[in-house]
Amino acid sequence: MKYILFIISFGLIQALFLNHIHIFGMATPLLYVYLPLLFHRSYPRWAQMSLCFLTGLAMDMFTNTPGLAAASLTLIGFIKPYLLELYLKKEDEPDFKPSISTMGFVKYLSYAFLLILIYCFIFFSLEAFSFTHWLLWLESIAGSLILTLILILTIDSLRRS
């Protein structure tokens with residue numbers, strides 16, 4: 001239930017505010033990418049992928065990007081558990097919740113950076129579907145990555161686990 005509330009609130013914030021921010025015409029903060037980062041370690045993988053797909057589908061409906069967010073976020077939901085295991089020790093508890101307070105700033109930064117980078121790469125690659133304007137493609141990935149990472153780090157540092 002908690003994640004459904006996150007999907008609704010992130011969707012509204014993204015659709016009403018963040019989608020209207022385009023720094024230099026290419027960089028947009030993508031708050032909904034924060035949802036996969038919230039899943040604890042033992043959360044079922046099928047549920048992670050399902051919630052990521054539903055979140056992406058909701059974002060696609062709000063932003064008129066047919067299937068781009070759903071495909072990209074579903075991939076993130078698939079690889080997130082494997083990527084998280086790279087940053088954890090085997091003796092960490094099964095219900096470990098990734099955050100700045102539990103992982104430390106540097107580990108969480110690199111973990112979030114990798115997931116957001118993969119998301120932005122897939123999303124903007126599918127959106128461009130061509131590399132004729134490769135400089136704009138790279139600028140969109142880098143700009144959205146930086147804005148999203150700053151937004152997520154800010155929210156996570158203010159959030160209480």
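This report describes the fold, the two C-terminal helices and a few single residues of a predicted protein model.

**Overall fold**

The protein holds 7 helices and 0 strands, and its elements run α-α-α-α-α-α-α from the N terminus on. The C-alpha trace spans about 50 × 30 × 25 Å along the principal axes of the protein. A compact globule of 161 residues would have a radius of gyration near 15 Å, and the protein agrees with this because its own value is 15 Å.

Of the 161 residues in the protein, 47% are buried. Among contacts with a separation of 6 or more, 69% join residues 24 or more positions apart. The accessible surface of the protein is about 8,700 Å², and carbon and sulfur atoms supply 73% of that surface. The protein carries 10 positive and 9 negative charges, and the mean positions of the two sets lie 8 Å apart.

**Helix 6 and helix 7**

Helix 6 covers residues 105-128. Its 24 residues reach 33 Å from the first C-alpha to the last, close to the 34 Å expected at 1.5 Å a residue. Helix 7 covers residues 134-158. It has 25 residues and a reach of 36 Å between its first and last C-alpha, close to the expected 36 Å.

The buried residues of helix 6 are Tyr 108, Tyr 111, Ala 112, Leu 115, Ile 116, Tyr 119, Cys 120, Phe 123, Phe 124 and Ser 125. Their cover includes helix 2 (34-38), helix 4, helix 5 (100-103) and helix 7. In an α-helix there are 3.6 residues a turn, so residues three or four places apart point the same way.

In helix 7 the buried residues are Trp 137, Ser 140, Ile 141, Gly 143, Ser 144, Leu 145, Thr 148, Leu 149, Ile 152, Leu 153 and Asp 156. These residues pack against helix 2, helix 5 and helix 6.

Cys 120 gives a residue-level view of this packing. Cys 120 is found in helix 6 and counts as buried because its relative accessible area is 0%, where buried means under 20%. Beyond its neighbours within four places in sequence, Cys 120 is in contact with Leu 30, Ser 125, Ile 141, Ser 144 and Leu 145. Of these partners, Ile 141, Ser 144 and Leu 145 are among the buried residues of helix 7. The C-alpha atoms of Cys 120 and Gly 143 are separated by 9.6 Å, with their places 23 residues apart along the chain.

Ala 128 also belongs to helix 6. With 36% relative accessibility, Ala 128 is partly exposed.

**Phe 10 in helix 1**

Phe 10 lies in helix 1, which covers residues 2-16. Phe 10 is buried, with a relative accessible area of 7%. Leaving out residues up to four places away in sequence, Phe 10 touches Leu 31, Tyr 32, Tyr 34, Leu 35, Leu 38 and Met 59. Tyr 34, Leu 35 and Leu 38 fall within helix 2 (34-38), while Met 59 falls within helix 3 (45-63).

**C-alpha separations**

The table sets out three residue pairs.

| Residue pair | Separation along the chain | C-alpha distance |
|---|---|---|
| Phe 10 and Ser 101 | 91 residues | 22 Å |
| Cys 120 and Gly 143 | 23 residues | 9.6 Å |
| Ala 128 and Asp 60 | 68 residues | 16 Å |

**Residues with positive phi**

Most residues other than glycine have a negative phi. Asn 64 has a positive phi of about 60°, although it is not a glycine. Asn 64 sits in the loop between helix 3 (45-63) and helix 4 (68-87). Is Asn 64 buried or exposed? At 67% relative accessibility, Asn 64 counts as exposed.

Phe 129 also takes a positive phi, of about 55°. Phe 129 comes just after helix 6.

Conventions:
Residues numbered from 1 in each chain as written. Predicted model: local features only at pLDDT ≥ 70, side-chain atom pairs only at ≥ 80, totals over all residues. Heavy atoms only, no water. Helix = DSSP H or I, 4+ residues; strand = E, 2+ residues; numbered from the N terminus. Rg over C-alpha atoms; globule rule 2.2 N^0.38 Å. Buried < 20%, exposed > 50% of the residue type's maximum accessible area, 1.4 Å probe, protein only. Contact = heavy atoms within 4.5 Å. Areas by Shrake-Rupley, 256 points an atom, 1.4 Å probe, with all protein chains shown as cover. Lys, Arg positive; Asp, Glu negative; His and termini not counted. Charge placed at Lys NZ, Arg CZ, Asp CG, Glu CD. Expected span 1.5 Å × (residues − 1).
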